[in-house]
Amino acid sequence: MKSERSNDNGAITEDVVRYVAKLSRLSFSDEDVAKYKKQIGEILGYITQLNEVDTADTQPTSHVLPSMKNVFREDLVKTSLSPDKALSNAPDKQGDFFRVPRVI
Amino acid sequence: MDTLTSSGIKGFREWIKKANKSIGDFTGIFVDRAKDMDREIKGFIEIDKKSIVSRAEQNKCQTDGRLWGIPIGIKDNICIEGELTTCASRILQGFRPPYNATVIEKLTSNGAVLFARANMDEFAFGSSCETSCYGPTKNPHDLSRIPGGSSGGSVAIVASGQVAAALGSDTGGSIRQPASMCGVVGLKPTYGRVSRYGLIAFASSLDQIGPITRNVTDSAEMLEIIAGYDEKDSTSVNIEVPKYVNALKKDINGMTIGVPKEYFIDGIEKDVLENIQAAIKTLKSMGAKIVDVSLPHTKYAVSCYYIIAPAEASSNLARYDGVHYGYRSKNAADLVEMYTASRTEGFGQESKRRILLGTYSLSSGYYDAYYLKAQKVRTKISDDFKKVFSVCDCVVTPTSPTTAFKIGERMDDPLQMYLSDIFTISANMAGIPAISVPCGKDKKGLPVGIQFMAKPFAEETLFNVAYAFEQGV
């Protein structure tokens, strides 16, 4: 799979840019696809330097500071935003609902 | 009004005392003055006089509030209830948050007058303030140059004295690098020191709000006000907030300061290097013990960052879909088309680049090679600092390899732009506090910044050394 999408110097194909754009819910002209292919390829090329680092015995960072851990709280009902406030920025609404274009 | 431009919070405080006017009246004067001063700099996206004055008048804080009447600039990614907050992006066009960020509550309860909408790179994606959908802010020291970024607006309005201080956010250097380029003080606190509740997220494991001020004293005072545990931010840390202003001491006799050789590399401008070397001599002459140290994984920090930050950003930006708030495209027949068209029309180029990069590195089959690898190298970067802080109190480096560059110079070369954060990114990776303090000027008359970094929650060490340095030069 990897060889289809990129090679070892980080370069990616235009099809990969289109595929990732689709995952990201973005659409691009052919010209943009070519531009992003070049720019992202250069960035990924630079990033391949990470392969120099031996991380065989290293744990990935899961919390920024060692003192941090999962935080729990009591499951209590508190006041939350009123429907009016929550809808105050809605591009489109109907009653207490956000309105969107048809789904199917 | 000249003292207002140069002396930060103290200058505004004294002016207010002497003026003997109502808060509405003097706030109106400050607003008019800022509007006039900002005409060419464009540090603000807009200045809404009516709103600023009426908020000041309605604030119930008494006149003995620590920041009573003091104008504080707010970056456009920190939520103020009912006030436009857009991250300088079209996709958040018209967005008025239904709640206040915790830092906004804290400033307001201390009497500060909020000057909203300081310009920034779109979603804080940038090092020059040029990716704002409202156009670039200019460096007050040279209007043909960038102010740095992403908190370029916050920094420019402090450097030009329009406001006494400002809040910015720092994900990879976004407070310190522009502070350096505009000749002011910029602090990135320890991760978890300041609540991020109400800061519109860029990269959640790296973001931190911090003060931008004209001097180290104001930085300590501002941090004392905005720091602290917040139950609304599960990554804020429940450690008591010290009286930071008590750390402002001129004495650094016996302090051990490390000089990491990896920060003195090819690519640093000659003038920057010379200023920093002279500063290190000054610190030595003040009694500090200067030691050579090594942070061997420094050169991988930018690579790590440009995997982790876009990956987190692409997740955080998935929420902008035109449904709940912000921009919605009218060019769509169904829901998925609406998502795609809203995002395509709403995001700028740099945001799209980072969304693509982040989505790619998180996509199936690539997660291990990119994101997981980067998080492992991140551990190595943190471990480097742990080792170094076992032998020294803080380390000193340049904040940025160059002084402010020309507007437009790096816009077509993202990699070159990314490398301008080479010295600031590691502190975000390791979650440690770091401060940039003015350190003279180069031959073109542009400010140079010096950076001090310390171990987690050692902001007092930073204020001590930064204050001593500021007073000593």
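# Exercises on a two-chain model

S150(B) sits in the loop between β2 and α6 of chain B. Helices (H or I, at least four residues) and strands (E, at least two) are DSSP runs, numbered from the N terminus.

This is a predicted model: local features need pLDDT of at least 70, side-chain atom pairs count only at pLDDT 80 or more, and totals for chains, interfaces and linings use all residues. Residues are numbered from 1 along each chain as its sequence is written, while chains are lettered from A and ligands numbered from 1 in the order in which they are written.

**Exercise 1. Find the residue joined to S150(B) by a cis peptide bond, and give omega.**

Step 1. Take the bond between G149(B) and S150(B).
Step 2. Read omega: about 10°, a cis peptide bond.
Step 3. Set this against the general rule. Most residues other than glycine have a negative phi, and most peptide bonds are trans.

**Exercise 2. Locate R25(A) and K42(B), and determine the sign of phi in each.**

Step 1. R25(A) lies in the loop between α2 and α3 of chain A. Its phi is positive, near 55°, and R25(A) is not a glycine.
Step 2. K42(B) is in the loop between α3 and α4 of chain B. This residue, also not a glycine, has a positive phi of about 55°.
Step 3. Check burial. A residue is buried if 20 or more other C-beta atoms lie within 10 Å of its own, exposed if 12 or fewer, and partly exposed in between, with C-beta atoms placed from the backbone.
Step 4. R25(A) has 21 C-beta neighbours inside 10 Å, so R25(A) is buried. K42(B) has 21 C-beta neighbours inside 10 Å, so K42(B) is buried.

**Exercise 3. Compare the length of α3(B) with its expected span, then list its buried residues.**

Step 1. The expected span of a helix is 1.5 Å times one less than its number of residues.
Step 2. α3(B), residues 23–41, has 19 residues. Its first and last C-alpha atoms are 26 Å apart, close to the expected 27 Å.
Step 3. The buried residues are F26(B), T27(B), F30(B), V31(B), A34(B), D38(B) and I41(B).
Step 4. Recall the helix geometry. An α-helix has 3.6 residues a turn, so residues three or four places apart point the same way.
Step 5. Identify the cover. Among the elements over these buried residues are α2 (8–19), α4 (49–58), β1 (71–75), β2 (113–118) and α6 (152–159) of chain B.
Step 6. Move past the helix end. K42(B) follows α3(B).

**Exercise 4. Repeat the length check for α10(B), and count its buried residues.**

Step 1. α10(B) covers residues 301–316, which is 16 residues.
Step 2. The expected span is 22 Å, and the end C-alpha atoms are 22 Å apart, so the two agree.
Step 3. Of the 16 residues, 14 are buried, and α10(B) is mostly covered.

**Exercise 5. Describe how α2(A) packs on α3(A) and on α12(B).**

Step 1. Fix the terms. Axes are lines fitted to C-alpha atoms, for helices over the stretch in contact, and angles run from 0 to 180 degrees between N-to-C directions. Angles under 35 degrees count as roughly parallel, over 145 as roughly antiparallel, 65 to 115 as roughly perpendicular and the rest as oblique.
Step 2. The axes of α2(A) and α3(A) cross at roughly 105° and come within 9 Å. The pair is therefore roughly perpendicular.
Step 3. From α2(A), E14(A), V17(A) and R18(A) meet V33(A), A34(A), Y36(A) and K37(A) of α3(A) (contact: C-beta atoms, placed from the backbone, within 7 Å).
Step 4. This contact has four nonpolar, no polar and three charged residues. Here Ala, Val, Leu, Ile, Met, Phe, Trp, Tyr, Cys and Pro count as nonpolar, Asp, Glu, Lys and Arg as charged, and the others, Gly among them, as polar.
Step 5. Turn to α12(B), residues 349–362. Its axis and that of α2(A) come within 9 Å and cross at roughly 95°. These two helices are therefore roughly perpendicular.
Step 6. V17(A), V20(A), A21(A) and L23(A) meet L356(B), T359(B) and Y360(B). By class, that contact has six nonpolar, one polar and no charged residues.

**Exercise 6. Count the residues on each side of the contact between chains A and B.**

Step 1. The contact involves 43 residues of chain A and 53 of chain B.
Step 2. In chain A, α2 (14–23), α3 (30–47) and α4 (83–86) each supply at least two residues of this side. The largest share, seven residues, comes from α3(A).
Step 3. The chain A side divides into 26 nonpolar, eleven polar and six charged residues.
Step 4. Check confidence (pLDDT, from 0 to 100 for each residue). Chain A has a mean of 88, and 90% of its residues reach 70 or more. Residues 1–8 of chain A stay under 50.

How values were computed. pLDDT is the predictor's confidence in each residue, from 0 to 100. Two residues are in contact if their C-beta atoms, placed from the backbone, lie within 7 Å.
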